[in-house]
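The following exercises concern a single protein chain. Each task is followed by a solution that proceeds step by step.

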Amino acid sequence: MIAQPYHLYVERTDAQKNMARFYALSIEPNLFGEACLMRRWGRIGTSGQAKVHNFEREQDAVQLFLALIRQKRRRGYRTIGSKNP
């Protein structure tokens, strides 16, 4: 069972490069009660691509979740309405 909800949606836009990307992460339980990290990414306005990672322990899913967040922040992805560079 998942101890708390984990959801993140970030975007990266640059009009000069015609870039409008999104990245969404969430941790949810699968049918067997294991932690499942769901990733979606693509161009804003499309359904994009998806990838699912299954973990026996929630802690492992959270570690990957946090690592992906750090990676996306370094690449310029920001939450909607965020004014921090």
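A residue counts as exposed when its relative accessible area is over 50%, and as buried when that area is under 20%. The model under study is predicted.

**Exercise 1.** Determine whether Ser-47 is buried or exposed, and describe its surroundings.

Solution. Step 1: Ser-47 lies in the loop that connects S3 and S4. Step 2: its relative accessible area is 60%, and the threshold for exposure is over 50%, so Ser-47 is exposed. Step 3: with residues up to four places away in sequence set aside, Ser-47 touches Phe-22 and Arg-40. Step 4: Phe-32 stands 15 residues from Ser-47 along the chain, and 27 Å separates their C-alpha atoms.

**Exercise 2.** Classify His-53 as buried or exposed, and identify its side-chain polar contact with Arg-39.

Solution. Step 1: His-53 belongs to strand S4, residues 49-55. Step 2: His-53 has 18% relative accessibility, and therefore counts as buried under the 20% limit. Step 3: the side chains of His-53 and Arg-39 are joined by a polar contact of 3.0 Å. Step 4: beyond four places in sequence, His-53 also touches residues including Ala-35, Cys-36, Leu-37 and Leu-64.

**Exercise 3.** State which elements give two or more residues to the largest nonpolar core, and place Leu-25 within this core.

Solution. Step 1: the core has 16 residues, and Leu-25 is among the six that touch the most other members, with Leu-8, Tyr-23, Ile-27, Leu-37 and Phe-65. Step 2: the contributing elements are strands S1 (6-14), S2 (19-29) and S3 (35-43) and helix H1 (58-74). Step 3: H1 supplies the largest share, 5 residues. Step 4: outside its neighbours within four places in sequence, Leu-25 contacts, among others, Leu-8, Leu-37, Phe-65, Leu-68 and Ile-69.

Terms used:
Residues numbered from 1 in each chain as written. Predicted model: local features only at pLDDT ≥ 70, side-chain atom pairs only at ≥ 80, totals over all residues. Heavy atoms only, no water. Core = buried A, V, L, I, M, F, W, Y, C linked by side-chain atoms within 4.5 Å. Buried < 20%, exposed > 50% of the residue type's maximum accessible area, 1.4 Å probe, protein only. Helix = DSSP H or I, 4+ residues; strand = E, 2+ residues; numbered from the N terminus. Contact = heavy atoms within 4.5 Å. Polar contact = N/O pair within 3.5 Å; in protein donor to acceptor, adjacent residues only side chain to side chain.
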